[in-house]
Amino acid sequence: MNARTYDGPALFSYGFRPFFLLGSIYAGLAILVWLPVFMGELRLVSAFIPRDWHVHEMLFGFLPAVITGFLLTAIPNWTGRLPLRGRPLMFLVALWIAGRVCVTFSAQIGWLAAMLVDCSFLLLIAAAAAREIIAGKKWNNLSVVLLILVLLAGNVTFHLEAHFKGAAEISIRVGIAVGVLLISLIGGRIIPSFTRNWLVKENPGRLPVPFARFDMLSVAAGAIALVCWIVSPAAMWTGSVLAIAGVLHLIRLARWAGYRTGRERLLLILHIGYAFVPIGFLLNACSAFGIVPAGAGIHAWMAGAAGIMTLAVMSRASLGHTGQQLTASIATQAVYASIIVAVVARICAVLEPAHSAPLLHVAAFGWAAAFLGFALSYGPTLVGWQKRPAQTPVVA
C-alpha cells in the first residue's frame, strides 16, 4: 500500500478506528435502551414502532458501522491504494451519527428526512468502495459493493414499509440475508487464511482446506436459500432449501480445522461465530417445518453470527493495525465469553417462552457487556492514546 503522511487525529487515520469504537458503543447502549422499551418502561420518539426501531438500529445502524470500518481498512490492502482518512472520514462518521439521531427522533424530524439522511450513508460507502475497487482493478471484490447496494435497498424499503404499512417485514429479511451473505463471503476469506497462518507456526498438522468449488457451492446454496426465505419464510420448500444450505455450511466450517485453534481464542472465536451461520439456516428450516418459533434462527444469525463475528473481526483488526500482539488478552476473552452467553440466552428466550423474561435480561446485559467491554478495552488504542509501532495490516 502506498504511504502518505498524515498528521491529523489518530482516530481518523484509518476507517476501523472511529467505526469500530462508535459502532461498539452504540451496539451496547442501544440494547440497554431497547430493554426498558420492550418492557414498556420507556417510550421512543421514533416514527418506527418500538420493534422496528430496535431491528433497524441493529441491522442498518450498528452493522453498517462495523462493515464500513472493515471495508475502509481492507480495501486499501486489496487495491494498494491510499486509505480514506482525515476530513472525508470525519464526514462519513458525522453522517452515520446523524443517521442514528434522525431515526431515533424521526417522529419529530419527519420520516422522509430521516430516511434521506440515514440511507445516504450506505450510498456513499458503496460509491467509495466501488471507486477504490475499480481504480485498483480488483474486479472480484465488486461483489461486496453489490451486497452493500442490496443492503441500501433494504434500508430504503424498511423506511417505506414502516411508513406506508405501519411495520417493516420483507426489508428486515433482506437486511438479514445481506448480513449472512457478507459473513459467508468475508468469513470464508479470512477465517481459513488466519487459521492456516497460525497453525503453520504454532500447531503443525492438518490445515484448512483452501477455497475451492465446494465453498462456491456453499455460498451459492446459501444465497438461494436466503432468497427463498425472503420470499416465503414459512413454506415447506423453503425449509428444505434452508436445511441443505445449513448442512453445506456446516461441512464448510469443518473443513477449516477450527478444532485445532483452541489455544488461541482470537482464532477460535472466528470459528464459533461462523458456526451460527449454519445454525441459523437449520433453525430457520425447523421454523418453516413448524418445529421451532421463527425468532430462533433469526437471532442465531444476527446475535450469533453477526454479533460474534463483528467482535472477533474488530478485536483482531484493532490489534493487528495498531502493532500489538495477535493474541486474546483476558479482557478480550471476557468480551468473547459475554457475547456467547448473550447469544445462547437470546436463542433460548425464543425456544423457552416460559422463561423469556429472565433470559432476555441475561441476553441484553451480556450483549452490552461484550460491546461496551470492547469499547473500554480497545478504545484507548483506537483513539490513539496508546502508541504502538506500525505493523503490517492483517485484515484480508
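**View 1. Ala223 on helix α8 in the predicted model.** Ala223 is partly exposed. Its relative accessible area is 25%. That value is neither under 20%, the mark for buried, nor over 50%, the mark for exposed. Ala223 belongs to helix α8, which covers residues 213-231. Cys102 serves as a distant reference point. The C-alpha atoms of Ala223 and Cys102 are 32 Å apart. Along the chain, 121 residues separate the two. This model is predicted.

**View 2. The largest pocket.** The largest pocket encloses about 930 Å³ of space. Its lining is made of 36 residues. Closest to the pocket centre are His54, Val55, Ile298, His299 and Arg346. Several helices give two or more residues to this lining. Among them are α1 (16-38), α2 (50-79) and α7 (170-202). Later in the chain come α10 (265-288), α11 (294-321), α12 (330-351) and α13 (356-383). By class, the pocket lining holds 27 nonpolar residues, 5 polar ones and 4 charged ones.

**View 3. The largest cavity.** The model has 2 cavities of 30 Å³ or more. The largest cavity has a volume of about 210 Å³. Its lining counts 14 residues. Ile67, Ile183, Ile186, Thr310 and Val313 lie nearest the cavity centre. Helices α2, α7 and α11 each supply at least two lining residues. The largest share comes from α7, with 6 residues. The cavity lining has 11 nonpolar and 3 polar residues. No charged residue is part of the cavity lining.

**View 4. Trp256 against Tyr274.** The structure holds 15 aromatic pairs. One of them joins Trp256 and Tyr274. The ring centres of Trp256 and Tyr274 are 4.9 Å apart. Their planes meet at 65°, so the pair is edge-to-face. An angle over 60 degrees is what earns that label. Trp256 sits in the loop between α9 (236-254) and α10, while Tyr274 is in helix α10. The two residues are 18 apart in sequence, so the pair ties together separate parts of the chain. Both partners are shielded. Trp256 is buried, at 1% relative accessible area. Tyr274 is buried too, at 0%.

**View 5. Aromatic rings and arginines.** Tyr14, Phe16 and Phe20 form a cluster linked by ring pairs. Arg85 lies over the face of Tyr14. The distance from Arg85 to the Tyr14 ring centre is 5.8 Å. A second arginine sits over another ring. Arg316 lies over the face of Phe194, at 3.9 Å from the ring centre.

**View 6. Positive phi at Lys137 and Ala257.** Lys137 is not a glycine, yet its phi is positive, about 60°. Lys137 is in the loop between α5 (111-135) and α6 (142-164). Its relative accessibility is 61%, so Lys137 counts as exposed. The threshold for exposed is over 50%. Ala257 is another residue other than glycine with a positive phi, near 55°. Ala257 is found in the loop between α9 and α10. At 0% relative accessibility, Ala257 counts as buried.

**View 7. Val350 and its contacts.** Val350 is part of helix α12. With a relative accessible area of 15%, Val350 is buried. The limit for buried is under 20%. Residues up to four places away in sequence are left out of its contact list. What remains is Pro293, Gly295, Ala296 and His299. Pro293 is 57 residues from Val350 along the chain. In space, the C-alpha atoms of Val350 and Pro293 are 6.7 Å apart. One contact of Val350 also appears in the pocket view: His299. His299 is among the residues closest to the centre of the largest pocket.

**View 8. Cys348 on helix α12.** Cys348 is found in helix α12. Cys348 is partly exposed, with a relative accessible area of 29%. Leu359 lies 11 residues from Cys348 in sequence. From C-alpha to C-alpha, Cys348 and Leu359 are 7.2 Å apart.

Terms used: Residues numbered from 1 in each chain as written. Predicted model: local features only at pLDDT ≥ 70, side-chain atom pairs only at ≥ 80, totals over all residues. Heavy atoms only, no water. 1 Å grid on protein atoms, 1.4 Å probe; cavity = no way out; pocket = protein on both sides within 12 Å on 5 of 7 lines; lining within 4 Å. Points joined across faces, edges and corners; volume = space filled by probe spheres on them. Helix = DSSP H or I, 4+ residues; strand = E, 2+ residues; numbered from the N terminus. Nonpolar A, V, L, I, M, F, W, Y, C, P; charged D, E, K, R; others polar. Buried < 20%, exposed > 50% of the residue type's maximum accessible area, 1.4 Å probe, protein only. Phe/Tyr/Trp six-rings, centres within 6.5 Å; stacked < 30°, edge-to-face > 60°. Lys NZ or Arg CZ within 6 Å of the ring centre and 35° of its normal. Contact = heavy atoms within 4.5 Å.
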